[in-house]
Amino acid sequence: MVISSLDTRARQAEVQTSEERYRAVRQARQVESLATRRRILRWVIRLGTGAFSLALLLPALALRSLTREVTEVASGDTLVYASGDHSGLPVDVAALAPGTAVQAFPQGKSDNERNLVELVRLAGDLPTGLVAYSAICTHLGCTVLPQLSAQGYIICPCHGSVFDPAVAAAVVHGPANRPLPALPIGVLPEGHVVATGGFEGPVGPV
Ligand code: FES
């Protein structure tokens, strides 16, 4: 009888131990499953955040490209030196000798390279000796030279096109087959040059 009682207690202890082991394993699996779900959730949140950022970025880029159109030269823009010691300062007509040229941007709009202007003071004693054209070649879009040739022409260094600033920037030599578009300008009493409109034709190649 004593032996039987001992057996029963030993079996009970064994059953209890295996139940504890079962509970421990189950708990470990639950913990592991919870951790996996958390990892998946984190990835879903990251992917969602990425998609949301992209959704914000695309309209911002579209808006930026629209804003760039607003930066085109327009009436009232003061022309400022595009380079050199006086870069960013208003062009002074008195400092521009007859038969010379300078390149300028409309003030605050130099981020758009297509705004670059070739401002020419024609040689001779002409009453309207100041003319302005796009500095972007109509052949393939290179920038023309800021200095005039010995004959007073505007030269494109890429393929040798030549334009005559005294005749509405007409083509003297190709390969360009279209004049540089003119920019209407005026001179303020203090000698600064302002645009009185936008380019009178498409800038660069068409
Ligand atoms: Fe000016 Fe070709 S880009 S001549």
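Strands β1 and β2 run antiparallel and are joined by 3 bridges, and in this predicted model they offer a convenient place to begin reading the fold. Within this pairing, V80 stands opposite F105 of β2, which gives the eye a definite pair of residues to look for. On following β2 further, one finds that β2 is also joined to β3, again in an antiparallel arrangement, this time through 5 bridges. Here T100 is the residue that stands opposite R121 in β3.

With partners in both β1 and β3, β2 deserves a careful look at its surroundings. Of the 7 residues of β2, 6 are buried, and therefore the strand is largely enclosed by the rest of the structure. Q103 is one residue found in β2, and Q103 counts as buried because 20 C-beta neighbours lie inside 10 Å, where 20 or more such neighbours are what the term requires. When neighbours within four places in sequence are left aside, the contacts of Q103 are A82, S83, L116, V117, E118, A135 and P146. A further point of reference is S87, which is 16 residues from Q103 in sequence, while the C-alpha atoms of the two residues are 10.0 Å apart in space.

The next step is to consider the nonpolar core. The largest nonpolar core has 32 residues, of which L79, V91, A104, V117, L119 and L183 touch the most other members. At least two residues of this core are supplied by each of β1 (79–81), β2 (100–106), β3 (117–121), β4 (130–134) and β9 (193–195), and β2 provides the largest share, namely 4 residues. To see how such a member is placed, one may take L79, which touches V91, A104, P106, V117, L119, V193, V194 and A195 when residues up to four places away in sequence are not counted.

Another part of the chain forms a separate topic, an open sheet of 3 strands in the order β5-β6-β7, with antiparallel pairing. In this sheet β5 (154–155) and β7 stand at the edges, and because each has a single partner strand, one side of each is left without a neighbour in the sheet. The pairing of β5 with β6, which covers residues 162–164, is antiparallel and extends over 2 bridges, and in it I155 stands opposite V162 of β6.

Where in this sheet is H173 placed, and is H173 buried or exposed, or something in between? H173 belongs to strand β7, which spans residues 170–173, and H173 counts as partly exposed because it has 13 C-beta neighbours inside 10 Å. Apart from its neighbours within four places in sequence, H173 is in contact with G160, S161 and V162. The C-alpha atoms of H173 and I155 are separated by 9.5 Å, although the two residues are 18 residues apart along the chain.

It remains to set these parts within the whole chain, which contains 1 helix and 9 strands. Read along the sequence, these elements follow the pattern α-β-β-β-β-β-β-β-β-β. Among the 206 residues of the chain, buried residues make up 20%. Finally, of the contacts in the chain with a separation of 6 or more, 47% are accounted for by residues 24 or more positions apart.

Technical notes. Residues numbered from 1 in each chain as written. Predicted model: local features only at pLDDT ≥ 70, side-chain atom pairs only at ≥ 80, totals over all residues. Buried ≥ 20, exposed ≤ 12 C-beta atoms within 10 Å, placed from the backbone. Contact = placed C-beta atoms within 7 Å. Core = buried A, V, L, I, M, F, W, Y, C linked by C-beta atoms within 7 Å. Pairing = 2+ DSSP bridges.
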